[in-house]
Amino acid sequence: MALLEVENLRAGYGSVPVLHGVSLSVDEGSNAVLLGLNGAGKSTTLMALAGLLPTTGGEIRYDGKPLTGTTGARVRAGIVLVPEGRHVFPALTVRQNLRLGAWTIRRDTRTVRGHLNEIYSIFPRLEERADQLAGTLSGGEQQMLAIGRGLMSSPRLLLIDEASLGLSPKLTEQVFAAVQLINERGVTVLMVEQNAGVLAQADTAFVMQQGRITMAGSGSETLEDDAVRAAYFGT
Ligand SMILES: Nc1ncnc2c1ncn2[C@@H]1O[C@H](COP(=O)(O)OP(=O)(O)OP(=O)(O)O)[C@@H](O)[C@H]1O
């Protein structure tokens with residue numbers, strides 16, 4: 001059963017169109033990837049889904065109903081975006097950054113503490129550094145914190161924009177493994193990536209080029225595709 005259905009979506013900046021009729025579908029409980037090179041329109045797609053960018057055509061359906069409304073309303077409905085570039089608050093501690101992630105929901109202290117413990121079980125490094133200022137964390141730790149902050153509002157659909165950006169292969173592997181664990185704990189995931197290594201763990205993959213979906217299939221099928229191998233692995 002699809003949790004998210006996007007049909008013929010169009011969006012852009014001012015009079016410049018970027019998405020030229022994007023269609024994709026993400027099943028409840030699945031781990032989906034939107035793969036594309038620089039400038040393909042991946043972030044634009046996520047921003048439209050999160051309500052940060054107006055759409056100019058097409059439809060987004062979430063949980064069987066047309067999705068409209070503000071970003072805040074979408075967060076309350078369970079759609080949470082972890083933006084590209086992390087955007088942690090450098091002068092606040094790790095714990096304070098995480099607590100801020102719960103503000104839209106304003107849960108009671110006990111629930112917030114429960115969420116914190118859940119996040120620490122996924123990212124033990126964040127617990128070790130709970131009192132450290134976020135600005136002093138490494139890039140990989142900041143990415144973990146940005147994902148953890150997104151988890152504080154109990155998402156049903158987690159949208160993650162280029163978690164691997166600027167990370168070493170080893171850290172990228174750790175972040176991808178954490179996202180897989182989050183998915184296994186029941187959160188539906190749509191990751192935007194230009195690192196095709198992520199396909200190995202994806203149930204579904206969509207390849208995007210110049211604002212259009214050019215291929216859709218399972219993660220393993222996409223990983224084996226000749227055009228994908230040539231574009232992303234140079235083989
Ligand atoms: N704020 C903006 N104003 C105008 N054009 C923009 C803006 N943001 C993105 N674009 C343009 O939209 C197109 C798609 O950009 P987008 O960021 O969605 O791509 P992407 O696939 O996420 O790539 P990247 O990995 O580089 O972020 C690009 O041509 C980009 O220059």
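## Ligand shell and sheet

Helix α1 gives the largest share of the shell around the ligand, namely three residues. Keep in mind that this is a predicted model. Both β2 (16-27) and α1 put at least two residues each into that shell. There are 13 residues around the ligand, and those that come nearest are Tyr13, Ala40, Lys42, Ser43 and Thr44. Sorted by character, the shell holds four nonpolar, seven polar and two charged residues.

Now for the sheet. It's an open one with six strands and mixed pairing, and its order reads β6-β7-β8-β3-β9-β10. At the edges you'll find β6 (79-82) and β10 (212-218); each has a single partner strand, so one side of each is left without a neighbour in the sheet. From one strand to the next, the twist averages 15 degrees.

Strands β3 (residues 31-36) and β9 (residues 204-209) run parallel, with five bridges joining them. Within β3 and β9, look for leucine 35, which stands opposite valine 207 in β9.

Two helices meet this sheet. Besides feeding the ligand shell, α1 lies across β3, β6, β7 (157-161), β8 (188-193) and β9. Helix α6 packs on the sheet too, where it touches β6 and β7. Here's how the pair line up:

| Helix | Residues | Strands touched or crossed | Angle |
|---|---|---|---|
| α1 | 42-50 | β3, β6, β7, β8, β9 | about 150 degrees to β7 |
| α6 | 139-151 | β6, β7 | about 165 degrees with β6 |

So what does α1 lie across, and what does it supply? Helix α1 lies across strands of the sheet, including β3 and β9, and supplies three residues of the shell around the ligand.

Definitions and conventions: Residues numbered from 1 in each chain as written. Predicted model: local features only at pLDDT ≥ 70, side-chain atom pairs only at ≥ 80, totals over all residues. Pairing = 2+ DSSP bridges. Helix = DSSP H or I, 4+ residues; strand = E, 2+ residues; numbered from the N terminus. Axes fitted to C-alpha atoms, helices over the stretch in contact; angles between N-to-C directions. Contact = placed C-beta atoms within 7 Å. Near = placed C-beta within 6 Å. Nonpolar A, V, L, I, M, F, W, Y, C, P; charged D, E, K, R; others polar.
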